[in-house]
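Me: Please walk me through this model. I will ask short questions and want short, reasoned replies.

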Amino acid sequence: MFSLFPLTDRIVEIRNLSLNLNDWIRLRLHLESTLLFEEVLNTEDSVVIIYEYGKVSNQSQLLRLISKFEYNGLEKIIKPRKVRVKVKYSEKDTDLSVLSDLLGLSISNIIELHMSGTYQLVMYGFVPGFAYLKGVIESLRIPRKSTPSYLIKSGAVAIAENYTGIYPLDFQGGWYVLGYTDFRFLGDNPLLPGDIVEFLPI
Amino acid sequence: MLEVLSLRGYATIQDQGRFGTKRYGIPMGGFMDIESAHHANQMIGNQPVLALIELFSGGMEFQCLKDHLIAIAGAKAKIKVANTTYTSPCSFNVNEGELVSIGQCVSGQIIYIALKGGIFTDLDYGSASTYLPTTLGGNRGKTIGVGDSFKTNESKKEDVIVDFPLKEIRYTKALTLRFKRGPEFDLITDQSKKSFQTESFLLKSTNRVGYRVSGPSIKATTNNLSSRFVTRGTVQLPPDGNPIILLSDSPTTGGYPRVAQVYEPDINMFCQMRVSSRIRFKEII
């Protein structure tokens with residue numbers, strides 16, 4: 001069952017407990033292709049519609065568009081791009097030794113588990129160009145730090161819960177840092193939700 | 001062209017913000033008090049959304065290196081131009097070489113300084129709005145400092161002051177914010193739901209990302225969720241129980257419960273509230 005939750009007059013959030021991330025990405029693409037909206041975004045468990053200024057959300061139109069999509073059976077296929085991001089894993093300026101204690105794994109084990117994962121871009125958020133990459137293996141999952149670090153350096157490759165990500169700028173943050181990379185998501189033709197990221201140690 | 005000679009407040013270039021960039025996590029940005037910013041532009045016949053200077057708390061002096069038509073709106077402050085003193089909102093012509101001096105805000109806290117033609121400056125993703133964390137927009141993405149200078153988009157002298165009504169806004173030290181329930185409103189405990197709507201909150205800090213208030217600690221059954229969409233006006237509830245009202249430089253996603261969404265027409269006035277003002281929340285359907 002889809003439910004529509006208006007956040008403002010021109011922003012509507014769509015929820016449905018039985019959809020997974022790929023469904024949400026497909027629904028976003030479907031709604032984007034109508035060119036009816038200023039922007040359509042997905043998170044892990046929702047799609048958000050932003051109408052242009054001056055327009056007011058139209059719930060019955062939205063429901064019609066969504067139901068048409070259901071009828072098509074979530075068929076739209078995404079062809080994900082894949083990038084391999086080079087990472088310098090090291091104990092210098094990272095949380096690897098802390099993590100080793102917290103997780104009960106050796107440092108080389110942690111690196112091995114992180115670099116052998118395949119991660120899917122869920123969405124951007126938090127700060128510009130910060131991509132939430134989903135798919136951290138169960139044994140590496142750890143809650144965010146209870147007190148965020150005052151400064152995480154630009155390029156830090158970090159993990160928290162089911163996510164890994166790359167800090168695009170110096171910023172405070174609660175994730176655990178494993179290494180550093182020169183890769184940044186924002187540039188020409190940035191990766192989008194659904195695309196795949198893997199990490200390559202250097 | 002004008003050059004900043006002294007500055008006490010926090011100033012950036014702003015316009016209507018960025019569109020279509022939330023997909024990359026890039027905030028919309030743009031004017032805080034949209035109504036006052038539009039007012040400043042309209043007083044001198046500009047398009048309402050042209051880039052202008054947004055100044056927190058007042059205290060700025062600049063010299064005009066050309067003749068300019070200038071309008072100042074938003075918070076109330078004394079404005080000295082050559083030998084004449086005005087009170088904002090106001091508009092006036094300045095001759096080449098003359099100084100404009102903006103006093104401290106006496107009511108409200110954000111002043112908008114518009115130049116005829118709009119300020120000509122750097123654009124990123126189609127907007128001159130300065131966003132500091134990733135240095136986007138006007139003035140190379142930096143706050144305005146002493147020695148910075150700005151050009152306008154029009155070079156010819158315009159001495160016609162448009163007969164646009166002067167909207168004198170009264171800023172108060174207490175404000176009731178009307179809100180609609182946010183998607184996670186029901187995560188608030190019953191006791192806290194009552195406190196949220198019946199007690200008053202103290203405004204603790206104000207910046208372009210959001211304003212923090214404190215009062216009765218508002219408890220939620222959980223404070224950590226998967227990150228969801230947030231925007232200007234979203235009220236987030238972190239674990240310490242002190243709500244944060246997100247504003248123009250709001251991130252695009254957040255992981256705290258979105259307990260409320262402030263009714264849009266109330267946000268402009270809220271932006272003008274100073275630290276230690278009193279805020280109340282009132283639900284509307």
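Reply: A polar contact is a pair of N or O atoms within 3.5 Å; within protein, one must be able to donate a hydrogen and the other to accept it, and residues adjacent in sequence count only if both atoms are side-chain atoms. This is a predicted model: local features need pLDDT of at least 70, side-chain atom pairs count only at pLDDT 80 or more, and totals for chains, interfaces and linings use all residues. Residues are numbered from 1 along each chain as its sequence is written, chains are lettered from A and ligands numbered from 1 in the order in which they are written, and side-chain values use heavy atoms, with hydrogens and water left out.

Me: Which backbone oxygen lies 2.9 Å from a polar atom of the side chain of Asn46(B)?

Reply: Asn46(B) sits in the loop between helix H1 (34-43) and strand S3 (52-56) of chain B. Leaving aside neighbours within four places in sequence, its contacts (heavy atoms within 4.5 Å) include Ala114(B), Leu115(B) and Lys116(B). The 2.9 Å partner is the backbone oxygen of Leu115(B).

Me: Does Asn46(B) count as buried or exposed?

Reply: Buried means under 20% relative accessible area, exposed over 50%, partly exposed in between (1.4 Å probe, protein chains only). Asn46(B) has 8% relative accessibility, so Asn46(B) counts as buried.

Me: Which are the edge strands of the open sheet in chain B?

Reply: Strands are DSSP runs of E, at least two residues; helices are runs of H or I, at least four; both are numbered from the N terminus. Two strands pair if DSSP finds at least two bridges between them. The 7 strands run in the order S7-S6-S9-S4-S1-S12-S11, with antiparallel pairing. Pairing on one side only, the edges are S7 (84-87) and S11 (119-120) of chain B.

Me: What is the bridge partner of Leu2(B) in S4(B)?

Reply: Strand S1 (residues 2-7) of chain B joins S12 (residues 149-152) by 2 bridges. There, Leu2(B) has Phe150(B) as its partner. S1(B) also pairs with S4 (residues 58-64) of chain B, antiparallel, over 5 bridges. In S4(B), the partner of Leu2(B) is Cys64(B).

Me: What percentage of the residues in chain A are buried?

Reply: Chain A holds 4 helices and 13 strands. Its C-alpha trace spans about 55 × 30 × 30 Å along the principal axes. Of the 202 residues in chain A, the buried share is 53%.
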